[in-house]
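Hi,

Here is the structure I promised to pass on. Have a look at it first, and my notes follow underneath.

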Amino acid sequence: MQALDCHLPAFRKTFVKNFCSVCCPADALLNKSYIRNKMDHNQMEIQPWPQEGLERVESCPICGEVDRELLYEGLTDRVFFCAPGRWSLYRCMACGSAFLDPRPTPATIAMAYNIYFTHDDGVEGAKGLFGSLKRRLRNGYINGLYNKNIQPASKIGHLITSLLPPKRRQIDESVRHLPTTRPPGTLVDIGCGNGQFLRMAMQLGWQTWGVDIDPKAVATARKTGAKVIHGGFPDTGLPSQHFDLVTLSHVIEHVHDPIAALQEVFRILKPGGQIWISTPNMESGSHARFGPTWLALDSPRHLVIFTRQSLKTALISAGFSDVDYKPCPMHATEIFKNSLRISRGEDPFGSEESKLPLFLYFEAKLADFQALLNPSLCENIIATAKKSNLSQVV
Ligand SMILES: [Zn+2]
Ligand SMILES: [Zn+2]
């Protein structure tokens, strides 16, 4: 951790802590420094993933269709620079999901997470006067939304934020669209990382649980006061029919069997309970623009990448109903920036200052605007779905 702290740029930390860690075996974490891995990447690129550590994926992991098209081949780890191997990504001709074939086996996937980082101190937000003002406005908005009294807060925060739809969407996403129309209940965040979301959910009155496979993340998240369990996914070990809400932020694309994972969520939800899920979107403007250097390909950690329709298919296959998509914040500019750096062979989260060329900046803004008109083009898919009141224990 010390070595990583020395070398990991601040923005990278912010980004990575939002990533999934449930499929990241703890003892593989942080045993190499970031710089060391980056320096070794060229050598690692030409090293294959061990043959015995690969498995074939002959049909779509979401719908079972065998008809597919090759999208990209020769993909390498250009985000964390720690995984060997070259990867081929296919698109299912039936549901539109993309998936790696072959892919790392569950027994060897830890090699792709050598420097995965999920357990910083959980202190968020900009510092200084401007940071303080932003925090007050944000808390004011949340207080108005949920009728709470989180401090420090500015009473005009609710009014100002309500007039700024992009900001409102961003905050709504950060509180994971917690329901405003029902009293708080019990929730679990699978892949909770440092517990930042758990802290907010507790302030809003929820009984909070977390699950993470990284013991350091678990230790950090426990400081929030939430009940945090060291466990994996889909094998969470959580009690059946216990939760009103289960959240998964950028987790589902990392698991080998997304349907089994969603069935596990279904099992632990009470009848009438809800899942909240977010994941990258194959149909996003940034993917269309950058193709094989799109940030969210993240090979070989992203095993399945969804479309809005294929995520719905997966949720329904697992037993859910009432699938509802949430408005997505406008993320295209930052993802364009990261993807551009990948296309130049650079670290997508390098500390060097980088700005988008003007034409790309406008393309990113256009992508966000198009996603407003056609939400199937959003950078991320955010969806909720329900477990019917009539559901029995699975
Ligand atoms: Zn499919
Ligand atoms: Zn991910």
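In which sense do strand 12 and strand 13 pair, and over how many bridges? Strand 12 and strand 13 (residues 380-386) are antiparallel, with 3 bridges between them. If you want a spot to click on, Tyr 325 sits opposite Ala 383 of strand 13. Before you go further, bear in mind that this is a predicted model.

**The sheet**

That pair belongs to an open sheet of 7 strands, ordered 8-7-6-9-10-13-12, with mixed pairing. Its edges are strand 8 (227-230) and strand 12 (321-325), each of which pairs on one side only. From one strand to the next, the twist averages 15 degrees.

Strand 6 (residues 186-190) is worth a longer look. It is mostly covered, with 5 of its 5 residues buried. Thr 186, Val 188 and Ile 190 point one way from strand 6, while Leu 187 and Asp 189 point the other way, and all of these are buried. That fits the general pattern: in a regular strand, side chains alternate between the two faces of the sheet.

Strand 6 pairs with strand 7 (residues 207-212) in the parallel sense over 5 bridges, and there Ile 190 has Val 211 as its bridge partner. Strand 6 also runs parallel to strand 9, and 3 bridges join these two. On that side, Asp 189 stands opposite Thr 247 of strand 9. If you follow the chain from strand 6 through helix 7 (residues 196-203) into strand 7, you trace a right-handed β-α-β unit.

**The zinc site**

Next, the metal. The zinc ion (ligand 2) is coordinated by Glu 253 (OE), His 254 (NE2) and His 302 (NE2), at 2.1 to 2.2 Å. Along the chain, the donors follow the spacing E-H-x47-H. Glu 253 comes from the loop between strand 9 (243-249) and helix 9 (258-268), and His 302 from the loop between helix 10 (285-290) and strand 11 (304-305), so the pair ties together parts that are 49 residues apart in sequence. Glu 253 counts as buried because its relative accessibility is 1%. His 302 is also buried, at 3%.

**A loop aspartate**

What does the side chain of Asp 77 reach at 3.1 Å? The answer is the backbone nitrogen of Val 79. The Asp 77 side chain also reaches the backbone nitrogen of Ala 83, at 3.0 Å. Asp 77 lies in the loop between strand 2 (68-75) and strand 3 (87-92), and with a relative accessibility of 1% it counts as buried.

**The cysteines**

I also looked for disulfides, and searching the whole structure turned up 0. As a reminder, a disulfide is a covalent bond between the sulfur atoms of two cysteines. Why does Cys 378 not form one? The closest cysteine sulfur, in Cys 328, is 3.7 Å from the sulfur of Cys 378, which is too far for a bond; the cut-off for a disulfide is 2.5 Å. Cys 378 has a relative accessibility of 6%, so it counts as buried. Cys 92 is buried as well, at 3%.

If you only have a few minutes, I would start with strand 6, then go to the zinc site and the Asp 77 loop.

Cheers

Key: Residues numbered from 1 in each chain as written. Chains lettered and ligands numbered in written order. Predicted model: local features only at pLDDT ≥ 70, side-chain atom pairs only at ≥ 80, totals over all residues. Heavy atoms only, no water. Buried < 20%, exposed > 50% of the residue type's maximum accessible area, 1.4 Å probe, protein only. Helix = DSSP H or I, 4+ residues; strand = E, 2+ residues; numbered from the N terminus. Polar contact = N/O pair within 3.5 Å; in protein donor to acceptor, adjacent residues only side chain to side chain. Donors = N, O, S within 2.8 Å, 3.2 Å for Na, K, Ca; no water. Pairing = 2+ DSSP bridges. Axes fitted to C-alpha atoms, helices over the stretch in contact; angles between N-to-C directions. Right-handed = clockwise from strand over helix to strand, strands pointing away.
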